[in-house]
Amino acid sequence: MCRMLVCFFQMEDGVSTYTVDEALVSMGFGKFQAFVLAYAGMAKISEAMEMMLLSFVGQSVQAEWELSAQAESLITSVVFVGMLVGAYSWGIVSDNYGRRVGFNFTAIVTGGAGLLSAFAPNYLSLIMLRFMVGVGLGGGPVLSSWFLEFIPAPNRGTWMVIFSAFWTIGTIMEASLAWAVMPGFGWRWLLAFSSLPSFALLLFYPLTLESPRYLCMKGRTADAVQVLETMARLNRVALPSGHLMSGHRMELHEITDSSETSQLLSAKKTNIAAHASKSEIGGRNAILKLLSPNLIRSSLLLWTVFLGHAFLYYGLVLLTSELSHGNKICGSEGAVTTQTNHSNDANLYRNVFITSFGEVPGLILSAAIVDKIGRKLSMSTMLYISCLCIAPLMVPQTESLTTIFLFGARVCISASFIVLHIYAPEIYPTAVRATGVGFASSIARFGGILCPLVAVGLVHACHQTAAILIFITVMLVSGVAVSYFPLETSGRKLSDHIAA
């Protein structure tokens with residue numbers, strides 16, 4: 001019976017039909033997807049640069065304006081507070097008004113506030129502007145969803161890893177830029193140069209297209225066909241023959257009761273009339289759907305794992321500079337030189353540069369295992385190995401050993417975080433994908449808010465062992481939470497609707 005119904009819809013009114021997934025698979029990865037990858041990748045570079053500069057700017061501002069350790073921590077934490085607001089807001093905007101609208105405004109806010117930060121006259125204005133940068137950066141998951149929805153299902157994990165490589169490029173670029181700019185020009189020039197990639201996004205924005213999967217979910221099938229035709233033309237391939245079938249009509253394939261067969265023709269007309277109301281995706285309704293019986297387990301676990309990864313990743317970035325500085329303070333005989341100006345310390349830039357390269361093997365590792373052993377096993381394995389890497393730091397080590405151990409931990413956490421960003425959009429249907437990933441990303445910002453208190457506050461207070469124990473605990477809890485995810489999404493097609 002199910003097979004008869006599928007044939008009915010595939011040959012509806014004597015005309016064959018195809019889905020967005022089938023169209024993407026038939027086109028493969030061509031010139032159009034390469035442009036989408038480059039554009040979304042530039043946004044990833046921009047986000048990485050704005051986040052990496054936190055490990056340099058805080059200490060430089062502290063030395064220039066004679067701030068306390070708590071005030072220095074706030075420069076980092078306020079960015080994550082902004083991302084908490086932005087991740088939730090931009091997810092709803094993109095689910096209601098389109099992916100393009102969402103990431104256009106994020107680029108404007110991030111670039112504008114980032115550039116103005118370079119001219120901040122005092123601490124309060126800097127805090128406010130960095131908060132706005134965080135609001136803009138919170139839209140990062142929108143571009144991830146946009147890129148994902150153009151990629152064919154086969155080898156989707158590999159392409160998402162390649163997309164994540166742009167973050168690694170951004171971190172290395174920022175470390176190199178800081179090394180070149182900070183000693184001679186200071187933190188203001190670093191802030192100004194770091195905002196430039198966001199303006200590059202605005203320059204190429206008119207060339208971008210809306211996601212065809214999103215257009216179908218909003219009932220704009222004709223617009224989706226135009227986008228697919230443009231993609232096929234640029235890729236020099238032909239679309240499947242027939243008409244594009246939207247996600248709502250695909251849901252009827254799941255009907256199995258033979259008594260309902262006679263109702264299919266009338267149901268088709270009813271669906272057209274009700275299509276507008278069904279296509280209202282995003283907003284409060286989308287948040288409620290994240291907590292529906294079919295999604296609540298995935299959502300709660302995803303929020304836990306995102307929070308843990310954000311705490312670990314950004315915490316390790318801060319630890320790279322703070323452990324060296326903290327050991328100098330705590331190792332001195334009673335003399336606490338909190339005003340030591342280490343912003344121009346060549347070793348600081350060298351160590352951050354070296355540990356940033358830890359993301360390169362992490363990227364390669366994630367690409368090698370994400371489709372072979374699956375998303376879940378990849379994440380949990382990397383989290384457990386990272387515990388072994390960071391455990392020796394419970395006692396002070398030499399600067400070289402500290403850098404080596406942090407390098408290893410950075411490899412593992414980067415690999416796990418990359419796989420998590422691949423997994424998160426795959427577990428949600430199109431109707432709530434951007435909202436779901438955006439909300440999870442906003443929850444993760446609590447991890448970013450808390451990590452400076454541990455990586456900066458505890459280390460400055462000479463509690464290194466306690467700080468490292470907290471990191472190990474978060475790694476273990478995150479690894480256990482990953483093992484309880486209900487789905488392994490490797491090789492699965494993206495879902496367009498929430499299962500009944």
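**Figure 1. T402 in helix α21 of the predicted model.** T402 is buried, because its relative accessibility is 7% and the cut-off for burial is under 20%. The model shown here, as in every view below, is predicted. T402 belongs to helix α21, which spans residues 399-427. Residues up to four places away in sequence are set aside for the contact list. On that basis T402 touches L323, L393 and Q397.

**Figure 2. G436 in helix α22.** Helix α22 covers residues 433-460 and includes G436. G436 has 0% relative accessibility and counts as buried. Apart from neighbours within four places in sequence, G436 is in contact with L290 and Y428. A87 is 349 residues away from G436 in sequence. In space, the C-alpha atoms of G436 and A87 are 9.9 Å apart.

**Figure 3. The salt bridge between R213 and D21.** The closest N and O atoms of R213 and D21 are 2.7 Å apart. R213 sits in helix α12 (residues 212-217) and D21 in helix α2 (residues 20-27), so this salt bridge ties together parts that are 192 residues apart in sequence. Both partners, R213 and D21, are buried. The whole structure holds 8 salt bridges.

**Figure 4. The salt bridge between R130 and E50.** The side chains of R130 and E50 meet at 2.9 Å, N to O. R130 is part of helix α7 (residues 123-137) and E50 is part of helix α3 (residues 31-52), so the bridge links parts 80 residues apart in sequence. R130 is buried, with a relative accessible area of 2%. E50 is buried as well, at 0% relative accessibility.

**Figure 5. The salt bridge between D223 and R220, and a shared network.** The side chains of D223 and R220 form a salt bridge at 3.0 Å, N to O. D223 has a relative accessible area of 29% and is partly exposed. R220, at 39% relative accessibility, is also partly exposed. R99, E149 and R433 are joined into one network by salt bridges that share partners.

**Figure 6. The aromatic pair W167 and Y313.** The rings of W167 and Y313 lie 5.9 Å apart, centre to centre. Their planes meet at 65 degrees, and the pair is edge-to-face. W167 lies in helix α9 (residues 156-185) and Y313 in helix α17 (residues 296-330), so the pair ties together parts that are 146 residues apart in sequence. W167 is buried, with a relative accessible area of 11%. Y313 is buried too, with a relative accessible area of 3%.

**Figure 7. The aromatic pair F353 and F357.** The ring centres of F353 and F357 are 5.0 Å apart. The planes of F353 and F357 stand at 70 degrees, so the pair is edge-to-face. F357 is partly exposed, at 34% relative accessibility. The structure holds 22 aromatic pairs.

**Figure 8. An aromatic cluster with an arginine over one ring.** F32, F35, Y39, F103, W146, F150 and Y205 are linked into a cluster by ring pairs. R100 lies over the face of Y205. The distance from R100 to the ring centre is 4.4 Å.

**Figure 9. A nonpolar surface patch.** L115, F119, F185, W189, F193, L196 and F199 make a nonpolar patch of about 730 Å². Helices α10 (187-194) and α11 (196-204) are the elements that give two or more residues to the patch. L196 lies in helix α11. Its relative accessibility is 48%, and L196 counts as partly exposed.

**Figure 10. The whole protein, as context for the close-ups.** The secondary structure comes to 23 helices and 2 strands. Of the 500 residues in the protein, 58% are buried. The protein exposes about 19300 Å², and carbon and sulfur atoms supply 67% of that area. Among contacts between residues at least 6 apart in sequence, 86% join residues at least 24 apart.

How values were computed:
Residues are numbered from 1 along each chain as its sequence is written. Side-chain values use heavy atoms; hydrogens and water are left out. Helices (H or I, at least four residues) and strands (E, at least two) are DSSP runs, numbered from the N terminus. Buried means under 20% relative accessible area, exposed over 50%, partly exposed in between (1.4 Å probe, protein chains only). Contact means heavy atoms within 4.5 Å. Accessible areas come from the Shrake-Rupley method with a 1.4 Å probe; for residues, only the protein chains shown count as cover. Patches are made of residues with over 30% relative accessible area and no salt bridge: like charges are joined within 9 Å, nonpolar side chains (Val, Leu, Ile, Met, Phe, Trp, Tyr) within 5 Å. A salt bridge is a side-chain nitrogen of Lys or Arg within 4 Å of a carboxyl oxygen of Asp or Glu. Rings of Phe, Tyr and Trp (its six-membered ring) pair if their centres lie within 6.5 Å; planes under 30 degrees apart count as stacked, over 60 as edge-to-face and the rest as tilted. A charge sits over a ring if NZ of Lys or CZ of Arg is within 6 Å of the ring centre and within 35 degrees of the ring normal.
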